[in-house]
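Please follow the chain through its sheet, the helices beside it and its metal site, keeping the coordinates open alongside the text.

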Amino acid sequence: MMSEKRFAFDEVNQELLAFLDDSPSSFHAVANMVQMLEDAGLTRLKEGQPWSLEPGKGYYVTRNDSALIAFKIPRKDFTGFQIMASHSDSPVFKVKASPEMEVDKHYVRLNVERYGGMLCAPWMDRPLSVAGRIVVQTGSGVCTKLVKIDRDLLVIPNLAIHMNREVNDGYKYNAQKDMLPLFACCGGGAKEPDRDVSCGKGADKAVSGGRDGAGKPEEPSKGALWRLIAREAGVDPKDILDMDLLLYNRMKGTVLGLNGEFIASARLDDLQCAFASLKGFLAAVPAESVPVHCVLDNEEVGSTTRQGAASTFLKDVLMRISSAMGRSQEEYLMALASSFMVSADNAHSVHPNQPDKADPTNRPYMNGGIVIKYSANQKYTTDAISGAIFRTICRRAGVPYQIFTNRSDMLGGSTLGNISGTQVAVSTVDIGLPQLAMHSPYETAGAKDTAYLAEAAKVLFATAVRGNGDGSYELVWPEGQDSHNGLWQTL
Ligand code: ZN
């Protein structure tokens, strides 16, 4: 292993934690990635308009504002696509319509439902707030605005131990009963005056609505959250037609451990991989393949949406790249045979308090490098060929890798690789970064692993994999882009 000095771990972590804090929903995560792509000079494409693509340039397209695909056209003719796919969503509580629920005419709770399979307990007894998107009526139709109430607003209180002495022996959480956040106390108060609707940029500024926005307490009656969101967004409540609102954990990401070995934050699964993929993508100079940074939505609920891994989004984009470059359908299929995909979704590290939950011989640890995931029943796509190709890429990048398999008596999870493979059938490897407490609203990971994945992604995106159709593959490394010569510094 070469010197690790070239990995700017601290810098990468600070940037990652800022990205995570700023991405309380999949919509915010995609908006932040769009900003990074714009800053790097990539051009926005729209699915509803014709695409004309030029060699040497980079492009991106979004779907539902919650999934994103970015790619670069190499200067010379390309053989295939080098894809890294991750997901933008995390398990969370979604606010239902008409959410205010009174208790004894004294408290108001919000009615919420589960999105995905979260750990329930850690959502309790900590400051929470809401973020997401609203859809607002305009003169000619509707427009979307991101919203984030940027203050401590809600709490889901536990029941005292005195009222459930057995809770520490295990508790079955009822999402309709136990997980509703406390929102307000009933009492007097004046309604806020309405404001004019505006979808302009100026309306995005934060307003501490309800508490000190206009000096008057908010009436916690029906529609109080709607009015709070309207004030935050700077629009008239009557002009909001609908919204996708999610709870988020207010605790900011941090670095911890005796020597700062760990990072902890909300949404590490899977924005840690999405961020590393984007950093590698921005740093890579493509040679003989099209690098594709792909972030899909709805992995936590099975991927079967218009913007999920089971959708045609990735396939549509790859086919349009192919036809915009003047290629036939046969040439598109030939390119798929010389393509490679990395399905990047976080992995389980050996747990310090539960080390026997991990496989006896394949034991990934935080800071041990990228985890390659195997499953005999193909819940993970990795096979000996894709595993070997990815190991070669890690070696070329000079980053460590380790192996995950489930214990043979445990089912384990699944991810987006094999689902995506039903639409875009390319050789795929499933990988992730090792973490603890997956699907908690505050997860823990290694302080080194993000930088390792970004470096491997950079090599992946600059490489071409040529499939010979007989079980042999050629890996074409870019000239003058040996990662050992310090290209990392361009990140
Ligand atoms: Zn995940």
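**From the sheet to the zinc site**

In this predicted model, β15 and strand β19, the latter made of residues 434–436, pair in the parallel sense over two bridges. Within that pairing, His348 stands opposite Gln435 in β19. The two strands belong to an open sheet of five strands, which follow one another in the order β11-β12-β20-β19-β15 with mixed pairing. Because β11 (254–256) and β15 (347–348) stand at the edges and have a single partner strand each, one side of each is left without a neighbour in the sheet.

Helix α1, residues 9–21, packs on this sheet by touching β11 and β12 (262–265), and its direction makes about 10° with that of β12. A further helix, α4 (residues 268–283), lies across β12, β19 and β20 (443–446), and runs at about 35° to β20.

The geometry of α1 can be checked against a simple expectation: at 1.5 Å a residue its 13 residues should span 18 Å, and since its end C-alpha atoms are 18 Å apart, the two values agree. Which residues of α1 are buried? They are Phe9, Val12, Asn13, Leu16, Leu17, Phe19, Leu20 and Asp21, a list in which Asn13 and Asp21 appear beside residues such as Leu16 and Phe19. The cover over these buried residues includes the strands β8 (142–148), β11 and β12, together with the helices α2 (26–39), α4 and α9 (449–462).

Helix α4 also leads to the metal site. The zinc ion is coordinated by His87 through NE2, by Asp269 through OD, and by Asp345 through OD, with Asp345 listed twice, at 2.0 to 2.8 Å. The angles among the four donor atoms range from 52 to 143°, and the site is irregular. Along the sequence, the donor residues follow the spacing H-x181-D-x75-D. The two aspartates link distant parts of the chain, with Asp269 in helix α4 and Asp345 in the loop between β14 (340–344) and β15, 76 residues apart. Both Asp269 and Asp345 are buried.

These elements can now be placed within the whole chain, which holds nine helices and 22 strands. Of its 491 residues, 54% are buried. Among the contacts in the protein chain with a separation of 6 or more, residues 24 or more positions apart account for 77%.

Note on methods. Residues numbered from 1 in each chain as written. Predicted model: local features only at pLDDT ≥ 70, side-chain atom pairs only at ≥ 80, totals over all residues. Heavy atoms only, no water. Pairing = 2+ DSSP bridges. Helix = DSSP H or I, 4+ residues; strand = E, 2+ residues; numbered from the N terminus. Contact = heavy atoms within 4.5 Å. Axes fitted to C-alpha atoms, helices over the stretch in contact; angles between N-to-C directions. Expected span 1.5 Å × (residues − 1). Buried < 20%, exposed > 50% of the residue type's maximum accessible area, 1.4 Å probe, protein only. Donors = N, O, S within 2.8 Å, 3.2 Å for Na, K, Ca; no water. Tetrahedral: all angles 85-135°; square planar, octahedral: opposite > 155°, others 65-115°.
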